[in-house]
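Visitor: I would like a close look at a single part of this model, followed outward through the contacts around it. Please take the charged side chains as the part to begin with.

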Amino acid sequence: MNGSSPSTPDSINIWRTWALTVTYEAGEYTEQKFKAEKTGGGPVIPSPNLDTDLVMACDRLADVLIKAYKNPIQMQVDIARYSKLISPKDTGHNEQREARLLERCPPGHEGKRLVDEPATILDASSAIIAWYLPDALTDTTQKEIREATNLLAPSLEKSVRADGNWRTNQKWFNRGSEDVGATPGCINLSPAWFQQGHENVSDPEVSASLKGPSCENILKAISRPAAIASAALRVMHPEQYWAGLRTLSNLGHIAVSKDLPQMPEALQYWASVFNTLSIISNRETPNHRDHLSIAECFDILTTVGNYSNARMTMPSLQLEFKIVRHGVYDVEGDRIAWAWYMRDSVHIYAGVPSCGWASVDGPYSV
């Protein structure tokens with residue numbers, strides 16, 4: 001790894017040979033485009049290091065972000081207070097418990113509300129709970145997501161089990177379009193993955209799907225979608241974005257100093273400020289909570305495919321479209337979902353403090 005980039009703030013050093021250098025420039029371009037649209041500023045010139053497809057993807061993203069920003073949906077729930085009511089035992093599957101939580105923290109509207117255009121979901125204090133960004137991905141990006149998922153078909157196929165929890169249980173998967181669609185399955189990609197229960201007793205490892213000889217090819221295949229998801233976070237929650245970037249920077253130094261197997265190479269090609277990507281193909285998802293994520297942080301869920309009649313539901317907010325509970329209905333056709341998130345255990349290992357809630361009026365608002 002040769003030299004560190006001098007352009008990132010607050011002593012965050014990323015090597016010039018890392019894929020994250022392009023991601024960083026894509027994030028800065030998207031954030032500047034968003035601000036220009038918001039304030040009526042002049043044209044923004046992209047870095048020459050961004051190729052045409054990535055610039056066009058960032059342009060589309062900035063346009064949808066500004067539409068969502070201008071369409072806030074206010075809820076009565078206090079998300080920080082709501083999060084304190086949630087324990088690790090609250091998986092989201094106990095309907096009686098969920099009904100009691102909904103009674104204590106009502107969203108402020110009767111019945112289920114369908115959101116079908118770009119929007120931000122705000123709590124009672126104007127903390128941003130979610131961004132909804134339909135049609136934010138260009139055709140090129142969607143094609144890259146499908147191709148990368150197909151590249152991982154062998155790992156996806158092996159992931160499905162006859163029993164076990166719902167995430168990999170075969171009863172939740174379907175083949176898709178006439179047995180010629182995307183391979184069903186669910187796998188995790190990460191340059192720093194803790195086995196369950198090992199967070200405090202061992203160093204993280206490169207996730208299983210990246211340990212083979214195809215690691216570089218896989219990470220290059222996901223690099224543009226990774227950069228776009230990171231660029232979205234640069235606008236949606238800047239503090240979380242910098243925390244993610246700092247975590248990966250610190251991991252790079254730790255991986256070299258401890259000579260952790262394969263991690264320096266994986267980090268070189270990892271192009272996301274998130275430390276984990278779950279690839280979910282042709283699976284129905286029950287209502288649930290993701291306790292491995294950080295309460296104050298956004299996950300980013302992107303979906304592509306030739307499906308119809310698909311909706312994501314957030315029962316805790318009585319919305320269709322974490323700590324909030326969420327699920328995805330069964331659909332007709334193929335549906336590929338990529339979920340980017342940050343595991344708190346990795347941030348702790350890297351010595352990076354947790355960030356606050358995103359807010360339209362907060363110090364990190366744009």
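Guide: What follows starts with the salt bridges and then moves to the aromatic rings and to one strand with its partners. The model is a predicted one, and the structure holds 13 salt bridges.

A convenient place to begin is helix H1, residues 20-39, where Lys35 and Glu31 both lie, 4 residues apart, or about one turn of the helix. These two residues form a salt bridge in which the closest N and O atoms are 3.0 Å apart. The partners differ in their surroundings, because Lys35, at 37% relative accessibility, counts as partly exposed, whereas Glu31, with a relative accessible area of 7%, falls under the 20% limit and is buried. The pair also belongs to a wider arrangement, since Glu28, Glu31, Lys35 and Arg234 are linked in a network of salt bridges.

Arg234 leads from the charges to the rings, for this residue lies over the face of Tyr241, at 5.7 Å from the ring centre. Tyr241 in turn forms one aromatic cluster with Tyr24 and Trp242. Another arginine placed over a ring is Arg343, which lies over the face of Trp193 at 4.2 Å from the ring centre.

Two further salt bridges deserve a place beside the network. In one of them, Lys258 meets Asp203, with the closest N and O atoms 3.0 Å apart. Lys258 lies in helix H9 (residues 238-258) and Asp203 in the loop between strand E5 (185-189) and helix H7 (215-221), so this salt bridge ties together parts that are 55 residues apart in sequence. Lys258 counts as partly exposed at 47% relative accessibility, and Asp203 counts as partly exposed at 28%. In the other, the side chains of Lys211 and Glu205 meet at 2.8 Å, N to O; Lys211 is partly exposed at 39% relative accessibility, and Glu205 is partly exposed with a relative accessible area of 38%.

Turning to the rings themselves, the count comes to 7 aromatic pairs. The rings of Phe194 and Tyr349 have their centres 5.8 Å apart and their planes at 75°, an angle over the 60 degrees required, so the pair is edge-to-face. Phe194 is buried, with a relative accessible area of 1%. Trp338 and Trp340 likewise form an edge-to-face pair, at 6.3 Å centre to centre and with 70° between the planes. Trp338 is buried with a relative accessible area of 0%, and Trp340 counts as buried at 1% relative accessibility.

Strand E3, residues 119-122, completes the picture. In a regular strand the side chains alternate between the two faces of the sheet. Ala119 and Ile121 point one way from E3, while Thr120 and Leu122 point the other way, and all are buried. Strand E1 (residues 72-74) runs parallel to E3 and is joined to it by 3 bridges, with Ile121 in E3 as the bridge partner of Ile73. E3 also pairs with strand E4 (residues 128-132), here in the antiparallel sense and over 4 bridges, and in this pairing Ala119 stands opposite Tyr132 in E4. The hairpin of E3 and E4 has 5 residues between the strands, and there Ser126 takes a positive phi near 70°.

Notes: Residues numbered from 1 in each chain as written. Predicted model: local features only at pLDDT ≥ 70, side-chain atom pairs only at ≥ 80, totals over all residues. Heavy atoms only, no water. Salt bridge = Lys/Arg side-chain N within 4 Å of Asp/Glu carboxyl O. Helix = DSSP H or I, 4+ residues; strand = E, 2+ residues; numbered from the N terminus. Buried < 20%, exposed > 50% of the residue type's maximum accessible area, 1.4 Å probe, protein only. Pairing = 2+ DSSP bridges. Phe/Tyr/Trp six-rings, centres within 6.5 Å; stacked < 30°, edge-to-face > 60°. Lys NZ or Arg CZ within 6 Å of the ring centre and 35° of its normal.
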